[in-house]
Amino acid sequence: MATQQQQSAIKGAKVLMVGAGGIGCELLKTLALSGFEDIHIIDMDTIEVSNLNRQFLFRRSHVGQSKAKVARDAVLRFRPHINIRSYHANVKNPEFDVDFFKQFDVVLNGLDNLDARRHVNRLCLAADVPLVESGTTGFLGQVTVHIKGKTECYECQTKPAPKTYPVCTITSTPTKFVHCIVWAKDLLFAKLFGDKNQDNDLNVRSNNSASSSKETEDVFERSEDEDIEHSNIEAALSNEETWKNRRRPRPIYSKDVLPESLTQQNGSTHNCSVTDGDSMVSVMPSLGLKNPQELWGLTQNSLVFIEALMLFFAKRKKEIGHLTFDKDDQLAVEFVTAAANIRAESFGIPLHSLFEAKGIAGNIVHAVATTNAIIAGLIVIEAIKVLKKDVDKFRMTYCLEHPSKKLLLMPIEPYEPNPACYVCSKTPLVLEINTRKSKLRDLVDRIVKAKLGMNLPLIMHGNSLLYEVGDDLDDIMVANYNANLEKYLSELPSPILNGSILTVEDLQQELSCKINVKHRFYSEILNPVSNSVWFLIILPSTFPKLFHFIKSRNQDELSSDIILGFSNGLIDLSILYLFCFCHREEFDEEKEPEGMVLSGWTQSPATNGESASTSNNENPVDVTESSSGSETASKKRKLSEPEPSNHNKETENVESEDDDIMEVENPMMVSKKKIRVE
Amino acid sequence: MDGEELTEQETALYDRQIRVWGAGAQRRLSKSHVLVSGIKGTVAEFCKNIVLAGVGSVTLLDDRLVTTEAFNANFLILPDENAYVGKTVAEICCDSLKEFNPMVHVSIEKGDLSTFGVDFFEKFDVVVIGYSSRATKKAVNEKCRNLAKRVAFYTVDCRGSCGEIFIDLKNYKYTKKKLDETVECELMFPSFEEAVSAPWKPIPRRTAKLYFAMRVIELFEETEGRKPGECSLSDLPRVLKLKKELCEGNSVSEKHIPDSLLERLVSGNTEFPPACAIIGGILGQEVIKVISGKGEPLKNFFYFDAEDGKGVIEDLSNKL
């Protein structure tokens, strides 16, 4: 078709592609075939084997190389005379500033995470460059067009929050396998191998400021090094009150599941020839386990668990203390799989294979080549309209798995900008916060960075600069700001009190917004984890090395909320307990959210896409949409065509267990207004 | 679990898609054999998609010699004259596709598609025909339908920013999950001949205009003895005349087929790469679905028009 007018618009255009992955490869190919001659492409990633099933510009020999560069070289083979410039870099780097963005006629996103999407959205708004945004998961996908002042920006609409779970579900009443995974990954793994100073999303902290009066006497309160005998656990299990309304976990004894030889000899001997720190360390070969899709029984899981724990200790000791879970870390995946399965067994939840567990723990995106190819085609169609300034023809298009009213590709007219959007409409936000109990650090980390997605923030109160980051700060300023971080808001040099108005800016994103502070009188900050009890009981006589390792590791960090119990070795019974429960009866997180409420905008989750986290189980910030009058006016969505029924799970769908994950990775699906992060 | 397990290599390479369709489906894919004829932009896209997905084998058929026109929307052909001169489209595409996935057996076959016998088609699970005359499509479809085994039959035709996919699965049984139940479903597909020569009168008015427009162009090329896709704007008056006759013959209003649409189709002999990517993507998805036995297949036409951006399924089997 390519009319003359269209061809000249294409030829003269300078486009920026962000992302050279699944969508990016297809997009670069289709752009080049369509006649685009000046394409810049940014991607910080390198090629992995699991990319090769869909990122068709890459070959096995390219594994480890820059995606942007290899994609460029591959496309130049069939279109040698066009200009493609590649940047092996993070789009959030300071060199990609507003001036950099201004040189382009259109920006095309093929990203995999919300954070970068928001960042690019802001730069496009600041540079006044049109943005075509896209996303895919499995057979679903969508393309949207964002033009400042004409259509909504990427952040005008609520994005579905990552699937999260109440803390108690994770710590005490798991009913699905994913709960066990979150427990194994974010509690067990993080506590054993992670950074002890790092709060994780589950917020398992022992130093919580206020404990609720509602809590019942914890029968397991005891000093950290006091031994717990198995009988106490059995006593707890026999407490009918505790288990009246929940499924009683079944304790698992190592003597019942592990071969006798193993429990006698402190684990099997490790004759692995792998070097320290090798992320490919694996216990599967030594246990004769080959197929990651195979379902392991309790014995196999227990063996993997013990062996993996030992192997971390034996081979990767140096990393312990600063490990974070990584789906490409084989040993970590084995450990988490086994731990989750043992816990699942204890709670009567069906077990899963390593392959499945890895997908859940790593939030692995379901991805196929076809959807990416379709979406890339749709992006180019929109890009051409943008270049021709065919404003009336812009469409947001959904690629559906199941047809809706005969449509598999469903175009919808773009929505108008949301006047209540704090990103593109500069609407002030309202923050309800306990100014006497929240520190500036809480504000910076939980609100400005996590909620507002700012990269290099600056906070001003009146004329007083309370906080900023940057390379050009002198030591005194840095010390000053660091001191401020630890102060309560009401005790800052320029105190933040009820009625204060803050200016929060990100100079790179050229985004500035006002926050009206309302002091919040919730004095009791509830932390349900504080009275959860977590047991990992290992007999020192059977696993002496492990015993000392765990003991050394946890002595100073595991206080009342986490009790690591050791049998004194006099008991005949070897016990490996992997369960935990909390004593709070009917803790109501709905009614008593912690700390802060930010309103006046549509909320977004902290992460999504491949980097999505299923573990924001207790995000302490509660977000609700503004109740101001502007809200109704803002939803000027032209609903001339039906909403796509992407979530029409009632018709037919994938395994229900996967639904959670599907939602997480569905970054742009528009959802309804009020979403809480819990 | 049927058959042998996936190898470690397969599991690593196909990890992300196994998470979409499962290991069983992946195994079935790796045992399937696909015949592809007539490789222009859309079919090149399709080939890329199924080779990446990991079908067992792909057999390519296209004896045209490579010319500069051939790589217009076909990224499988590198514009290196030394490499392509004297070679056929199938040969060059075969070399490129092999690189995409060493685990898929890609080969070529020479000859005229319409002259192959039933035995030839029996070797395949899927036959995809692009860039062919109506007569050839019809002949191959009949042969496939006469086989005892099911050979999934597809035709694809892209003109400018518009495209059509035709699907014939004969009768197709599949299961779908409805809430907690697994429901057995069966679909009956009409043949290509039945589907393209159905009387227009009973077809609902809201049916995609492209269905009718494509029939006009198809018939025009046949009666004029043109190669598929070989028309231009100068043919428009005669195409419009044929449309008038067809509409009268079917006793439907001429408004059934907008002249502007026919104009776009006749002048659309250069492919529009984004439309190729989209239609090749949908076709790839359909073939994967049918081989793997997962999900409800499209029945029995799919249309895409970049002008309005809609991708529409038309089931014209009940109205015959």
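Helices and strands here are DSSP runs, numbered from the N terminus. The model is predicted.

**Exercise 1. Work out how helix H13 of chain A sits in the structure, and what follows it.**

Step 1. Take the cut-off: a residue is buried if 20 or more other C-beta atoms lie within 10 Å of its own.

Step 2. Go along H13(A), residues 354-361. Leu354(A), Phe355(A), Glu356(A) and Ala357(A) are buried. So are Lys358(A), Gly359(A), Ile360(A) and Ala361(A).

Step 3. Count and conclude. Eight of the eight residues are buried, so H13(A) is largely enclosed by the rest of the structure.

Step 4. Move past the helix end. Asn363(A), just after H13(A), takes a positive phi of about 50°.

Step 5. Set this against the chain. Chain A has 678 residues, and buried ones make up 52% of them. The chain holds 19 helices and 17 strands.

**Exercise 2. Place Trp296(A) and describe its surroundings.**

Step 1. Locate the residue. Trp296(A) lies in the loop between helix H10 (260-264) and helix H11 (298-315) of chain A.

Step 2. Test burial. Trp296(A) has 21 other C-beta atoms within 10 Å, so it is buried.

Step 3. List contacts, leaving aside neighbours within four places in sequence. They are Leu289(A), Asn301(A), Val304(A) and Asn341(A).

Step 4. Look further along the chain. Leu351(A) is 55 residues from Trp296(A) in sequence, yet their C-alpha atoms are 7.9 Å apart.

Step 5. Turn to chain A as a whole. Of its contacts with a separation of 6 or more, 77% join residues 24 or more positions apart.

**Exercise 3. Trace the strand pairing around S12 of chain A.**

Step 1. Start with the record. An unreviewed UniProt entry lists "domain: Ubiquitin/SUMO-activating enzyme ubiquitin-like" for residues 431-520 of chain A. That span is 23% helix and 31% strand, with its end C-alpha atoms 9 Å apart.

Step 2. Read the faces of S12(A), residues 501-506. Leu502(A), Val504(A) and Asp506(A) point to one face and are buried. Ile501(A), Thr503(A) and Glu505(A) point to the other and are not buried.

Step 3. Pair S12(A) with S10(A), residues 457-461. Five bridges join them, and they run antiparallel. Pro457(A) has Asp506(A) as its bridge partner.

Step 4. Pair S12(A) with S13(A), residues 511-519. This pairing is antiparallel over six bridges. Glu505(A) is bridged to Ser512(A).

Step 5. Inspect the turn. S12(A) and S13(A) form a hairpin with four residues between them. Glu510(A), in that turn, has a positive phi of about 50°.

**Exercise 4. Describe the contact between chains A and B.**

Step 1. Count both sides. Chain A gives 48 residues and chain B gives 50.

Step 2. Name the elements on the chain A side. Those giving two or more residues are H2 (22-33), H3 (67-78), H14 (369-388), S7 (396-404) and S8 (407-412) of chain A. H14(A) has the largest share, nine residues.

Step 3. Sort the chain A side by type. It has 26 nonpolar, 13 polar and nine charged residues.

Step 4. Find strand pairing across the chains. S8(A) and S10(B), residues 310-314, are joined by two bridges and run antiparallel. Leu407(A) has Val312(B) as its partner.

Step 5. Check the scores. The model has ipTM 0.96 and pTM 0.79.

**Exercise 5. Divide chain B into domains and examine where they touch.**

Step 1. Take the assignment. Domain 1 of chain B is 8-193 + 271-314, and domain 2 is 196-266. Their centres, over C-alpha atoms, are 26 Å apart.

Step 2. Count the contact. It involves 17 residues of domain 1 of chain B and 13 of domain 2. On the domain 1 side, S9(B) gives the most, three residues. That side divides into seven nonpolar, three polar and seven charged residues.

**Exercise 6. Decide where to read the coordinates with caution.**

Step 1. Compare averages. Chain B averages a pLDDT of 91, with 98% of residues at 70 or above. Chain A averages 72, with 64% scoring at least 70.

Step 2. Find the weak stretches. In chain A, pLDDT is below 50 over residues 263-277. It also stays under 50 over residues 554-594 of chain A.

Step 3. Apply the rule. Where pLDDT is low, the predicted coordinates should not be read in detail.

Key: Residues numbered from 1 in each chain as written. Chains lettered and ligands numbered in written order. Predicted model: local features only at pLDDT ≥ 70, side-chain atom pairs only at ≥ 80, totals over all residues. pLDDT = per-residue confidence, 0-100. Contact = placed C-beta atoms within 7 Å. Nonpolar A, V, L, I, M, F, W, Y, C, P; charged D, E, K, R; others polar. Pairing = 2+ DSSP bridges. Buried ≥ 20, exposed ≤ 12 C-beta atoms within 10 Å, placed from the backbone. Domains from an automatic or database assignment. UniProt positions renumbered as here; feature names shortened; annotations may be inferred.
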